[in-house]
Amino acid sequence: MILVNTETISGKELEMLGLVKGSTIQSRNVGRDITQSFKTLVGGELKAYTDMMNEARALATKRMVAEAESLGADGIVNVRYASAAVMQGAAEVMAYGTAVKFK
């Protein structure tokens with residue numbers, strides 16, 4: 001499966017199959033939240049949150065690819081990511097794009 005954030009895939013003629021997406025909602029661990037709040041006092045990367053968001057993006061991407069595969073897609077173009085808070089302490093990460101088949 002080829003994933004690109006462009007409208008085309010170089011050297012390929014594409015048939016558009018439709019929108020595909022994958023999402024996950026992740027919540028923060030209370031213990032991790034407390035330790036990360038101390039980090040804001042001195043500055044620097046909040047490694048626990050970086051790891052959580054990386055895992056969330058990977059899971060959302062995996063779910064998007066599974067949906068594309070169920071349509072018989074060879075790739076996904078215009079791949080985008082979005083995130084939003086759904087409640088205090090929880091965020092949704094969504095991956096979406098257009099599933100395509102090579103002609």
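This passage describes the sheet, helix H2 and a surface patch in a predicted model.

The sheet is open and is formed by four strands in the order E1-E3-E4-E2, with mixed pairing. Strand E1 (2–3) and strand E2 (14–27) stand at its edges; each has a single partner strand, so one side of each is left without a neighbour in the sheet. E2 runs antiparallel to strand E4 (residues 90–102), and 13 bridges join the two. Within this arrangement, Gly18 stands opposite Ala99 in E4.

Helix H2 covers residues 47–70. Its 24 residues should span 34 Å at 1.5 Å a residue, where the expected span is 1.5 Å times one less than the number of residues. The end C-alpha atoms of H2 are 35 Å apart, which agrees with that expectation. Just after the helix, Gly72 takes a positive phi of about 80°.

The buried residues of H2 are Ala48, Tyr49, Met52, Ala56, Ala60, Thr61, Met64, Val65 and Ala68. Two of these, Ala60 and Thr61, are described here through their contacts. Ala60 has a relative accessible area of 0% and is therefore classed as buried, the cut-off being under 20%. Residues up to four places away in sequence aside, Ala60 touches Gly22, Ser23, Val93, Met94 and Ala95. For one of these contacts, the C-alpha separation was also computed: the C-alpha atoms of Ala60 and Ser23 are separated by 4.5 Å, although the two residues are 37 residues apart along the chain.

Thr61 also lies in helix H2. Its relative accessible area is 13%, and Thr61 is therefore buried under the same cut-off of 20%. With neighbours within four places in sequence left aside, Thr61 is in contact with Leu3, Tyr81 and Ala95. Ala95 thus appears in the contact lists of both Ala60 and Thr61.

On the surface, a nonpolar patch is formed by Ile25, Val86 and Met87, which together have about 310 Å² of accessible area. Met87 is found in strand E3, which comprises residues 75–87. The relative accessible area of Met87 is 57%; this residue is therefore exposed, since the cut-off for that class is over 50%. Met87 in E3 is thus exposed, whereas Ala60 in H2 is buried.

Key: Residues numbered from 1 in each chain as written. Predicted model: local features only at pLDDT ≥ 70, side-chain atom pairs only at ≥ 80, totals over all residues. Heavy atoms only, no water. Patch = residues over 30% accessible without salt bridge, like charges linked within 9 Å, V, L, I, M, F, W, Y side chains within 5 Å. Areas by Shrake-Rupley, 256 points an atom, 1.4 Å probe, with all protein chains shown as cover. Salt bridge = Lys/Arg side-chain N within 4 Å of Asp/Glu carboxyl O. Buried < 20%, exposed > 50% of the residue type's maximum accessible area, 1.4 Å probe, protein only. Contact = heavy atoms within 4.5 Å. Pairing = 2+ DSSP bridges.
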